[in-house]
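Biologist: Thanks for sitting down with me. Could you walk me through this model, one question at a time?

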Amino acid sequence: MPTTPRRALLVIDVQNEYFTGRLPIAYPPVEQSLRNIGQAMEAAREAGIPVIHVLHDSPEGAPLFAPDSDGWRPHPILASPAADHTVHKTRASAFMGTDLADWLGARDIDTVTVVGYMTHNCDAVTIFDALHRGLSAEFLSDASGSPAYRNAAGQASGEEIHRVFCTVFHSNFAAVTTTAGWIEALRAGRALKKDNIFLSSQRADPAYRARPES
């Protein structure tokens, strides 16, 4: 009989830099993702699931997330409900150089649910790190987001970056769902299932899609 996951909700880098600062989230709309982050925190609190705020600290004078700058400050949505634990990180992963792994281990947490920003950066590295530490991961696609990028390697919209990373996550690294889907699973005490690389690849193959139903 399947066991109920022992979850913790990681609320990553919900700081003003992404809203009123220099790194605006392009997709999904921040009004939507912030609303869903708030709903996820409330649902976690109701279910007795610990909520962990993760904040990024850059060096003094850095162009982004400089300590005590307006961009560094947590968004007001984090004020309620209060966090069960707060982690300050200086690298992409919420685990690197912090007490997060020890805190989760002391409470027998086996599954981390990731919301916040950015999908392809701190969220992604935290998910990969969780997997390598033997934890299961979940990702709420409508409670996160990405900006658009342009550099010497090319350019991509926020929607493209977010969508591609969500697809990759679900193929191997994390069960991807919506906030509503996660809350439903939470209340049912049900684990969420991710896909696998083989089937994700097969479904994208035109020859596979053309096969008749068995």
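Modeller: Gladly! Keep in mind that this is a predicted model. Let's begin with a pair of charged side chains.

Biologist: How far apart are the closest N and O atoms of R45 and D84?
Modeller: A salt bridge here needs a side-chain nitrogen of Lys or Arg within 4 Å of a carboxyl oxygen of Asp or Glu. R45 and D84 meet that cut-off, and their closest N and O atoms are separated by 3.1 Å.

Biologist: Where in the chain do R45 and D84 lie, and how many residues apart are they?
Modeller: R45 belongs to helix 1 (residues 30–47). D84 sits in the loop between strand 2 (51–56) and strand 3 (85–89). The pair therefore links distant parts of the chain, with a separation of 39 residues.

Biologist: Is D84 buried, partly exposed or exposed?
Modeller: Buried means under 20% relative accessible area and exposed means over 50%. D84 has 39%, so the class is the one in between. Its partner R45, at 31%, falls there too. For D84 the answer is partly exposed.

Biologist: Which helix holds both E159 and R163?
Modeller: These two form a salt bridge, with the closest N and O atoms 2.8 Å apart. They are four residues apart, about one turn of the helix. E159 is partly exposed at 28%, and R163 is partly exposed at 42%. Both lie in helix 4 (residues 158–173).

Biologist: How many salt bridges are there in the whole structure?
Modeller: Besides the pairs above, the side chains of D195 and R203 meet in one, at 2.8 Å from N to O. R203 is partly exposed, with a relative accessible area of 40%. A search of the whole structure gives a total of seven.

Biologist: Let's turn to the sheet. Which strands stand at its edges?
Modeller: The open sheet has six strands in the order 3-2-1-4-5-8, with parallel pairing. An edge strand has a single partner, so one of its sides is left without a neighbour in the sheet. That describes strand 3 and strand 8 (175–177).

Biologist: What is the average twist from one strand to the next?
Modeller: Strands of a sheet pair through backbone hydrogen bonds, either parallel or antiparallel. In this open sheet the pairing is parallel. From one strand to the next, the twist averages 25 degrees.

Biologist: How many bridges pair strand 4 with strand 5?
Modeller: Two of the partnerships are T113 with E138 and Y117 with G145. Strand 4 (residues 111–117) runs parallel to strand 5. The number of bridges over which they pair is six.

Biologist: How many of the ten residues of strand 5 are buried?
Modeller: A residue counts as buried under 20% relative accessible area. By that cut-off strand 5 is mostly covered, and the count of buried residues is nine.

Biologist: Which strand gives the most to the lining of the largest pocket?
Modeller: This pocket holds about 210 Å³ of space. Of its 16 lining residues, the closest to the centre are T111, S136, A137, A191 and L192. The lining divides into nine nonpolar, four polar and three charged residues. The top contributor, with three residues, is strand 5 (residues 136–145).

Biologist: One last one: how far apart in space are P29 and S144?
Modeller: P29 is found in the loop between strand 1 (7–12) and helix 1, and is partly exposed at 40%. In sequence, P29 and S144 are 115 residues apart. In space, from C-alpha to C-alpha, the distance is 9.4 Å.

Terms used: Residues are numbered from 1 along each chain as its sequence is written. This is a predicted model: local features need pLDDT of at least 70, side-chain atom pairs count only at pLDDT 80 or more; totals for chains, interfaces and linings use all residues. Side-chain values use heavy atoms; hydrogens and water are left out. Buried means under 20% relative accessible area, exposed over 50%, partly exposed in between (1.4 Å probe, protein chains only). On a 1 Å grid over the protein atoms alone, a cavity is a set of points where a 1.4 Å probe fits but cannot get out, and a pocket is an open set with protein on both sides within 12 Å along at least five of seven lines; lining residues have an atom within 4 Å of a point. Grid points are joined across faces, edges and corners, and a volume is the space filled by probe spheres set on the points. Ala, Val, Leu, Ile, Met, Phe, Trp, Tyr, Cys and Pro count as nonpolar, Asp, Glu, Lys and Arg as charged, and the others, Gly among them, as polar. Two strands pair if DSSP finds at least two bridges between them. Axes are lines fitted to C-alpha atoms, for helices over the stretch in contact, and angles run from 0 to 180 degrees between N-to-C directions.
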